[in-house]
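This report looks at aromatic side chains and their surroundings, and then turns to one loop residue and to the chain as a whole.

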Amino acid sequence: MGRKSSTKGKEKRLKRKEEQQRILLAMTVVDKANKLTDPLEPFPVFRKYDKNGLEAELYMKRATDLEELTKSWIFSLTKRNMQIKYEQCSWGWNDAKKMEELFDEAAWYLVAQSADKTLLGFSHFRFDIDEGLEVLYCYELQLEPAVQRKGLGKFMMQILELVAFKNNMKKVVLTILKNNHYSKFFRALNYVVDESSPVDHHEETLPYEILSKVNIRLQTPVTNNADNRKLNSHNGHCCSSHHFHHVSS
């Protein structure tokens, strides 16, 4: 009996060590991505959009490097597009909390503007560790109503995927409210319900779900048991901060 216990103990320690090494490697990948000056630099063709009668210029910056006028517009557009949806579910809307989330020092922005510098849309994203994996987590994709349904949203998501996979992120991940009818947009782009997405149960129906697209080149099997799913519905990024709500396509 003692021998079997010793063997099991060694196996547990080995698995724990392997997991720690994997997390350290993931953190190294994320740290490297966060040290980039301009993640869009390798993709000069994607700095301009010209389709469906819409022309736009795109750039990437850290939240800490954005101009104050741009920050004010980002908050205003998010509030205009999303406040009602927040208030229609259990999350509710809070100006201060949303400001804190939008302009956290870890936040990155992909911004689209016209040739005369009129701001058209943005994506707030982060290079982060989620469920133990290195990911690009897309918090927001917001477009001005006048430029919606012109393909710009799809173009911006393609940029995020290019940046994510170029920098060895395992997935692009996002959280979307179930009352947001634009969720079908992501399914059209081959996003699927992520293994970490919590499951509704008889005591609680959750207002959101988590979608993702994996980096096929780096795809590895990931197991999430039912207990983890239940835990994820109450803890971690999903409920408290990782709120992605697409409003345009």
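## Aromatic cluster and pairs

Phe-75, Tyr-86, Trp-91, Trp-93 and Tyr-208 together make up one aromatic cluster in this model, which is predicted. Across the whole structure, a search returns 15 aromatic pairs. One of the pairs found is that of Tyr-109 and Phe-122, whose ring centres lie 5.7 Å apart with the planes at 50°, so the pair is classed as tilted, given that stacked pairs have planes under 30 degrees apart and edge-to-face pairs over 60. This pair links distant parts of the chain, since Tyr-109 belongs to strand 3 (residues 108-113) and Phe-122 to strand 4 (residues 119-130), with their positions 13 residues apart. Tyr-109 is buried, at a relative accessible area of 0%, and Phe-122 is likewise buried, with a value of 0%.

Phe-186 and Tyr-191 form an aromatic pair of the edge-to-face kind, with 5.9 Å from centre to centre and 80° between the planes. Phe-186 counts as buried at 0% relative accessibility, and Tyr-191 counts as buried at 2%.

## Charged groups over rings

Two aromatic rings are considered here together with a basic side chain. The charged end of Lys-71 sits over the ring of Phe-103, at a distance of 5.7 Å from the centre of that ring. Arg-126 lies over the face of Tyr-139, 4.2 Å from the ring centre.

## Asn-167 in its loop

Asn-167 is placed in the loop that runs between helix 4 (152-166) and strand 6 (171-177). Is this loop residue, Asn-167, buried or exposed? At 17% relative accessibility Asn-167 counts as buried, because the cut-off for that class is under 20% relative accessible area.

A polar atom of the Asn-167 side chain lies 2.8 Å from the backbone oxygen of Val-163. When residues up to four places away in sequence are not counted, Asn-167 touches Val-29, Ala-33 and Leu-36.

## The chain as a whole

The chain contains 7 helices and 8 strands, and buried residues make up 48% of its 249 residues. Among contacts in the chain with a separation of 6 or more, 69% are accounted for by residues 24 or more positions apart.

The surface that the chain exposes comes to about 13,500 Å², of which carbon and sulfur atoms supply 53%.

Key. Residues are numbered from 1 along each chain as its sequence is written. This is a predicted model: local features need pLDDT of at least 70, side-chain atom pairs count only at pLDDT 80 or more; totals for chains, interfaces and linings use all residues. Side-chain values use heavy atoms; hydrogens and water are left out. Rings of Phe, Tyr and Trp (its six-membered ring) pair if their centres lie within 6.5 Å; planes under 30 degrees apart count as stacked, over 60 as edge-to-face and the rest as tilted. Helices (H or I, at least four residues) and strands (E, at least two) are DSSP runs, numbered from the N terminus. Buried means under 20% relative accessible area, exposed over 50%, partly exposed in between (1.4 Å probe, protein chains only). A charge sits over a ring if NZ of Lys or CZ of Arg is within 6 Å of the ring centre and within 35 degrees of the ring normal. A polar contact is a pair of N or O atoms within 3.5 Å; within protein, one must be able to donate a hydrogen and the other to accept it, and residues adjacent in sequence count only if both atoms are side-chain atoms. Contact means heavy atoms within 4.5 Å. Accessible areas come from the Shrake-Rupley method with a 1.4 Å probe; for residues, only the protein chains shown count as cover.
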